[in-house]
Amino acid sequence: MNQELIWKKEYEIGNFEIDTEHKIFLKIIQKIDHAFTEKQPKDYILSLLRELYKYADFHFISEENLMKLAHYPDFKTHKEEHDKLLTGLSEKIGFFDVQYIDAKKLIEFLVDWFLNHTAKVDTKLGAFLKTLDSN
């Protein structure tokens, strides 16, 4: 298994709810990677891809609700990033038949998406939420 698909402490942003959801998100990516590697049936892989999309949508709404409640100053930019990521995911999986999806490129996209969004965008949110917890 791709080492980037294994949860690491460095992926944590310091918010229990978001970190828990990120772990689930990564687990779904692991299932997709495994399904492609094991050449699972096409309908199962499509179902996993739908699960990933729906979970990402749920997770983003969950994060956005936390941001609204905390009056997060970068809410608009963060939400735009979520929207861009969902659109990118939809373009990668929504219009392609599994037999035409390059599994390696899809997994690379998902890992890059997860790592970059978590490391860059969500880490800022986590730091902001920590300042509220300490007040």
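This report describes a cavity, several salt bridges and a few individual residues in one protein structure. The model is a predicted one.

## The cavity and its lining

Rolling a probe the size of a water molecule over the atoms shows where empty space is left. In this structure there is one cavity of 30 Å³ or more. The volume of the largest cavity is about 70 Å³.

Three helices each contribute at least two residues to the lining of the largest cavity: helix H1 (16-37), helix H2 (42-70) and helix H4 (103-133). Of these, H4 gives the most, with five residues. The lining is made up of His22, Phe25, His59, Phe60, Trp113, Phe114, His117, Thr118 and Asp122. Sorted by class, these comprise four nonpolar, four polar and one charged residues.

## Asp122 and His78

One of the residues that line the largest cavity, Asp122, deserves a separate description. Asp122 is part of helix H4. The residue is buried, yet it has no salt bridge. The nearest side chain of opposite charge belongs to Lys124, and it is 10 Å away.

Which residues does Asp122 contact, leaving aside its neighbours within four places in sequence? They are Ile13, His22, His59, Glu63, His78 and His117. Among them, His22, His59 and His117 also line the largest cavity.

His78, another of these contacts of Asp122, is located in helix H3. His78 has a relative accessible area of 2%, so it is buried. When neighbours within four places in sequence are set aside, His78 is in contact with Glu63, Met67, Tyr72, His117, Val121, Asp122 and Leu125. Glu63 and His117 thus appear in the contact list of Asp122 and again in that of His78.

## Salt bridges

The structure holds six salt bridges. The table presents three of them, with the separation of the closest N and O atoms.

| Pair | N to O distance | Location |
|---|---|---|
| Lys31 and Glu51 | 3.3 Å | Lys31 in helix H1, Glu51 in helix H2 |
| Glu80 and Lys76 | 3.7 Å | both in helix H3 |
| Lys104 and Glu108 | 3.3 Å | both in helix H4 |

The salt bridge of Lys31 with Glu51 links distant parts of the chain, since the two residues are 20 residues apart. Lys31 is partly exposed, with a relative accessible area of 31%. Glu51 is likewise partly exposed, at 32%.

The other two pairs in the table each lie within a single helix. Glu80 and Lys76 are four residues apart in helix H3 (residues 75-93), which is about one turn of the helix. Lys76 counts as exposed, with a relative accessibility of 61%, whereas Glu80 is partly exposed at 43%. In helix H4, Lys104 and Glu108 are also four residues apart, about one turn of the helix. Is Lys104 buried or exposed? Its relative accessible area is 61%, so Lys104 is exposed. Its partner Glu108 has a value of 44% and is partly exposed.

## Ile28 between two helices

Ile28 belongs to helix H1. With a relative accessible area of 3%, Ile28 is buried. Not counting residues up to four places away in sequence, Ile28 touches Leu48, Glu51, Leu52 and Tyr55. Ile28 and Leu48 are 20 residues apart in sequence, and their C-alpha atoms are 7.4 Å apart in space. Another residue touched by Ile28 is Glu51, the partner of Lys31 in a salt bridge.

## Two loop residues with positive phi

Most residues other than glycine have a negative phi, and most peptide bonds are trans. Two residues are described here with a phi of the opposite sign.

Lys39 is not a glycine, yet it has a positive phi of about 50°. Where in the chain does Lys39 lie? It is in the loop between H1 and H2. Lys39 has a relative accessible area of 71%, so it is exposed.

His71 is also a residue other than glycine with a positive phi, here near 55°. This residue is in the loop between H2 and H3. With a relative accessibility of 68%, His71 counts as exposed. His78, by contrast, is buried, with a relative accessible area of 2%.

Methods
Residues are numbered from 1 along each chain as its sequence is written. This is a predicted model: local features need pLDDT of at least 70, side-chain atom pairs count only at pLDDT 80 or more; totals for chains, interfaces and linings use all residues. Side-chain values use heavy atoms; hydrogens and water are left out. On a 1 Å grid over the protein atoms alone, a cavity is a set of points where a 1.4 Å probe fits but cannot get out, and a pocket is an open set with protein on both sides within 12 Å along at least five of seven lines; lining residues have an atom within 4 Å of a point. Grid points are joined across faces, edges and corners, and a volume is the space filled by probe spheres set on the points. Ala, Val, Leu, Ile, Met, Phe, Trp, Tyr, Cys and Pro count as nonpolar, Asp, Glu, Lys and Arg as charged, and the others, Gly among them, as polar. Buried means under 20% relative accessible area, exposed over 50%, partly exposed in between (1.4 Å probe, protein chains only). Lys and Arg count as positive and Asp and Glu as negative; His and the chain ends are not counted. A salt bridge is a side-chain nitrogen of Lys or Arg within 4 Å of a carboxyl oxygen of Asp or Glu. Contact means heavy atoms within 4.5 Å.
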